[in-house]
Structure formats: C-alpha cells, structure tokens
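Please open the structure in your viewer and keep the sequence panel visible beside it. The tour below proceeds by selections, each followed by a description of what is found there.

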Amino acid sequence: MEELDRKRVGNGRGDVSQAMIKDFAWVKLARKYIPRDLRFFIQRYVSLRSLKLRWRETNNPLADKVESDEDRVGLGMRMGIIRNAAHYHSFFVRACMEIGVPFRVIDLYGADWLNNVARADCRILLVWPDGFMDTWNSMIKDRVKMLESVLGYPTVPSSDELWMYEDKRRTAYWLEAHQIPHPRTWIFYDRDEAMGFADRCDLPIVFKTSFGAAASGVRILSSRRQIRRLIATAFSRGIAPGGTDWRDRTWGNIIFQEYLADVKEWRMVRIGDAFFGHPKGRVGQYHSGSGSVLWDVPGKKHLDLLKTITDLGGFRSMNVDVFETPDGRLFVNELQAVFGASYSVDQLRVNGQPGRFLFDRGEWRFDPGEFARNACANARVLDAIERFGTKKQPL
C-alpha cells in the first residue's frame, strides 16, 4: 500500500513557515492563553492551515496506523477508512482495532483517488467527511457519492446522510421541504433583497456561514448596521468562518436565522437502531463548540422527534441538534452525519449509567452499556457489519 502523502499539507501560499511547524510546544500555550476571538482575528490575514493539520497529526497516536488484517469477528473482508485531513478518521481506526475488523486507510485527496480505492481492495467504506475546508468537504462528498452510486460501494454514513454535513443551506432546504419545525431561515442570493431584509427583520438575528463547525461561522447580530456590513462583505470579497483559512470564503449568498432566546440545546443521535441524547453545555451565547456536556435524560418527545426525522430520511447515522424553548417547543437546528464528541465514550446516561434507548414494541426502553465509544464510530462499524457484512469474500 502506498504511503500516505503528508507533504500535501504544507504547500499553500500564505501558510506559516515549516520552521514553525517543527516545534509544537508553543501551540498548546497559544490555545490556552490567547483568546479565541484574537486567534480568529489573526487568521483573517495569516493562514494556519498547515500548522493545524500537522499539529493534529502529531497529536494523533494512531496517525501511522493505516492497515490491519486482524479479523477477530470473522468478517471475511476489509473495511476502507477514508482518510480525514484533520485525522478524525482515527475514530474509525480505533473502532476497527477494538472490534477486530480488518481495514485499510484510503486517501481520496489526490488525483489518483480511484486507484487508491481499487488497490485497497475493501468492500465497505467508512467515511468521516472533511470539516476543515469547504472545498475539501465538497470533494470528499462528491467522490464518496461516485463510489457509492456508480461503483456500488456501501458507505457508512451513506452519501444521503453526508449530503447535509457542514452545509447549512442544504439542511435548511431539507427541513423546510419536510415541514420539520426549525428556526425560520432566510437564504439570499441577491444583494438588494438581502439589504431590504436588513431594514425590516426582527433583532437580534443570527448570521451563519453555510460551512463551519463549532459555531465558528455563527454571529448574533443586534444592529442593522452590523447586518448591512456583513451583507456587503458577503456579496463582495466573501466571508470565511472564524478560525479557518482566510482564502476559504463563501460569497454571493448569505444566511440568516431566527434568534430563539433562552433555549436549551439537545444533541440527539441515532446510530443504527440505537438512540442517544444529552443537552449541550453553554459558554457565553453558544452551545456548539462549548466542550461542555450535560447528562439530563431526553424525554419521549425528544426521542420521538429523532426517530421521526431519521425514519423520514432513512438515516442510520445522524446527529440532530434540537433547540428546546422555555415553553417546551422543539426546533431542529442542525443535522450532521458525524460529529466531534467532547466526551467520546458516552452520548447518554441514565442515573449515571451509560447506555442507549431502543424502540421496542412501540415503547422506549433503556439498554445500559457502552454503545457510543469513539464518538459513536464503534456503533457505526457494528451497524455496517450487520447490514453489509458477509463471509463470502476472503481476504
């Protein structure tokens, strides 16, 4: 198997120097002591893309683990793990190692991506899409779609589930088309129409970039001057989410969302037939990216909504972030096929006991145990084995 090309991460014009990349001791200090807003401001002018990718690689103990033929479950085939530039695919690597599933890590970033897939000789593809750059996000989803729809590879998550990943425009379209309660969203492709909206919309209002994780592209706007300035920027040089490469801009459109005050946000997750949920902690005005996990137990209405949405879309790997208003109404904020987990073992606890909910003969039943290991990667691998596994294909 060809060695993965690591030189690719350091060739962008405007990136930090290779000398700075060699020593990462200062990075932890910078992340600890420099406020996030200041770090984001710096990245409006200086790309830290290469530094971040190499830092993630250096801090990933499984970075060099790209294959295994161990088959403790008797699967009789290899799983292909699609490489993620920021090394989130290591969740799948660890899951396959823990379960005992043969795998190969496959690189789709290069021009020879189809040959890379063929050489790996895998039957099922495990995909952690790219949330690092919008262009890479689109590329991975496009190529996975071809592998699934044209070449017939089963992919987990499926390309339908990946379609909305880090794409708030697509999510808004899907929610509106299916009449699922969600904060009212306006997406403008015409500058004058957007400026007219700025004159009459209720304040405050939420601005979002279509791409951008952990609230990096979210701002709560309280003045019409702020709104008009953002619209002018969006339809001129474009806007990049905070903390991303300054060149990774979206222009020619803009997204606004209704502001819901004093909401509680739930992370509701379905993997296969297992259902999980917990509230997200809040830091300042934002829940996403807070790194805080709460363990309130979701109620029947939360689980019912999760089941309704995932059944409707045929989704077996989906996170549904749900706002709950003080009067108990539920509004869907986002849908993501995968998600980074602040606590990568559990996604549900009842009386301190980790577990999952199962829908059993019309009722919700709690099943204790560890079912969400490695940000739910273990559960996705086990669901893939159940749906697509066969012993007819020898290694």
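**The largest cavity**

This is a predicted model. Begin by selecting helix H9 (168-177), strand S9 (254-258) and strand S13 (330-336); each of them supplies at least two residues of the lining of the largest cavity. That cavity has a volume of about 140 Å³. Of the 18 residues that line the largest cavity, the closest to its centre are Lys168, Thr171, Ala172, Gln257 and Asn333. Which element provides the largest share of the lining? It is S13, with five residues. By character, the lining divides into seven nonpolar, six polar and five charged residues.

**The whole chain**

Now zoom out and colour the protein chain by secondary structure: 13 helices and 16 strands should appear. The protein chain has 395 residues, of which 53% count as buried. Among the contacts with a separation of 6 or more, 70% are between residues 24 or more positions apart.

**An open sheet of five strands**

Next, select strands S1, S3, S2, S4 and S5, which form an open sheet in that order with mixed pairing. Strand S1 (67-68) and S5 stand at the edges with a single partner strand each, so one side of each has no neighbour in the sheet. Within the sheet, S2 and strand S3 (residues 103-106) run parallel and are joined by four bridges. To see one of these pairings, select Ile82, whose bridge partner in S3 is Ile106.

Move from S2 into the loop that leads to H5, and select His87 there. His87 has a positive phi of about 70°, although it is not a glycine. Is this residue buried or exposed? His87 counts as buried, because its relative accessibility is 10%, and the cut-off for buried is under 20%.

**Two cis peptide bonds**

Select Val156 and Pro157: the peptide bond from the one to the other is cis, with omega near -5°. Pro157 is found in the loop between S5 and helix H8 (159-162). Then go to Leu203 and Pro204, which are also joined by a cis peptide bond, with omega about -5°. Pro204 is found in the loop between helix H10 (191-200) and strand S7 (205-208).

**A hairpin**

Select S10 and S11 together. They run antiparallel and are joined by six bridges. The two strands form a hairpin with two residues between them, and Gly272 in the turn has a positive phi of about 60°. Ile271 stands opposite Ala274 in S11.

Now keep only strand S11 (residues 274-279) selected. Six of its six residues are buried, so S11 is largely enclosed by the rest of the structure. Ala274, Phe276 and His278 point one way from the strand, and Phe275, Gly277 and Pro279 point the other way.

**Helix H13 and its surroundings**

Finish in the loop between strand S16 (363-368) and H13, where Cys376 lies. Its phi is near 70°, a positive value in a residue other than glycine. With 0% relative accessibility, Cys376 counts as buried.

Helix H13 (residues 377-388) has twelve residues and spans 16 Å from its first C-alpha to its last, close to the 16 Å expected. Its buried residues are Ala377, Asn378, Ala379, Arg380, Val381, Asp383 and Ala384. What do these residues pack against? Display strand S2 (79-82), helix H5 (90-99), strand S4 (124-127), strand S5 (155-156), strand S10 (264-271) and strand S12 (317-324): the buried residues of H13 pack against these elements.

Methods: Residues numbered from 1 in each chain as written. Predicted model: local features only at pLDDT ≥ 70, side-chain atom pairs only at ≥ 80, totals over all residues. Heavy atoms only, no water. Expected span 1.5 Å × (residues − 1). Buried < 20%, exposed > 50% of the residue type's maximum accessible area, 1.4 Å probe, protein only. Contact = heavy atoms within 4.5 Å. 1 Å grid on protein atoms, 1.4 Å probe; cavity = no way out; pocket = protein on both sides within 12 Å on 5 of 7 lines; lining within 4 Å. Points joined across faces, edges and corners; volume = space filled by probe spheres on them. Nonpolar A, V, L, I, M, F, W, Y, C, P; charged D, E, K, R; others polar. Pairing = 2+ DSSP bridges.
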